[in-house]
Amino acid sequence: VNEDGSSVPVFPTPTIGMIGVMEDKSHHMSLDFKYKGDLIYLLGEAHDDINSSEYLYNIVGVKNSPAPHFDMEKEFHLQQVLLNLIKSNLINAAHDVSDGGLWTTLVEMSIPSQLGFDIETPLEFRKDAFLFGESQSRVVVTVNEDSRDEFLDFVFENNLPVMMLGHVTKGRMTVDEQHFGEVTEMSDIYRNAIGKYFQKN
């Protein structure tokens, strides 16, 4: 029975807390875009899956759906490869794809440095599922162009799916040649939306 006395299913809210020790702080990796022109890659397997996503819940209006795709073994493999990419200095930013999907991940990587992105979506996926789906075991990374070949060789040697999305821009956010504004505009929404909501109500 729920707090309101009903017995209908509630949206699952699992919470996991973890803590660890970083032996070498030089291996610390942040999520923010570093340099205009860096290449943007998606590590991990993409799926045509919008289950339990913020998009499906808030935009489409489907309140209950199955959990998004997740494979524990693939997640472990992804994290091991990612750790070695960081230790080898082959990437300069990394951020997992989670709440809000790929679009939110890219925006969150853009805001700290006020750098934008220009990406292309693959034709074999529904655009909404590719941009807003929340299937797990995916990480967006950026790579300096000089490190591209070494980065790709390492990823292929470790049998990890990889997809080039595009590149970091000076501040414009572009998907499939369609312009979605400047990151400065998105920063204001991201940082001030809750405050503005309560001011009106």
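**Exercise 1. Which residues form one aromatic cluster with Trp 103?**

Before we start: this is a predicted model, where local features need pLDDT of at least 70, side-chain atom pairs count only at pLDDT 80 or more, and totals for chains, interfaces and linings use all residues. Numbering runs from 1 along each chain as its sequence is written, and side-chain values use heavy atoms, with hydrogens and water left out.

*Step 1.* Look for ring pairs of Phe, Tyr and Trp (its six-membered ring), with centres within 6.5 Å; planes under 30 degrees apart are stacked, over 60 edge-to-face, the rest tilted. The whole structure gives six.

*Step 2.* Trp 103 meets Phe 117 edge-to-face, 5.5 Å centre to centre with 80° between the planes. Trp 103 sits in helix 3 and Phe 117 in strand 3, so this pair ties together parts 14 residues apart in sequence. (Helices are DSSP runs of H or I, at least four residues; strands are E, at least two; both are numbered from the N terminus.)

*Step 3.* Trp 103 also pairs edge-to-face with Phe 180, at 5.7 Å and 70°. Phe 180 is in strand 7, 77 residues away.

*Result.* The cluster is Trp 103, Phe 117 and Phe 180.

**Exercise 2. Sort Trp 103 and Phe 180 by burial.**

*Step 1.* Set the cut-offs: buried is under 20% relative accessible area, exposed over 50%, partly exposed in between (1.4 Å probe, protein chains only).

*Step 2.* Trp 103 has 15%, so it's buried. Phe 180, at 38%, is partly exposed.

**Exercise 3. Find the buried residues of helix 5.**

*Step 1.* Go through residues 148-157: Phe 151, Leu 152, Phe 154 and Val 155 are buried.

*Step 2.* On the other side, Asp 149, Glu 150, Phe 156 and Glu 157 are exposed.
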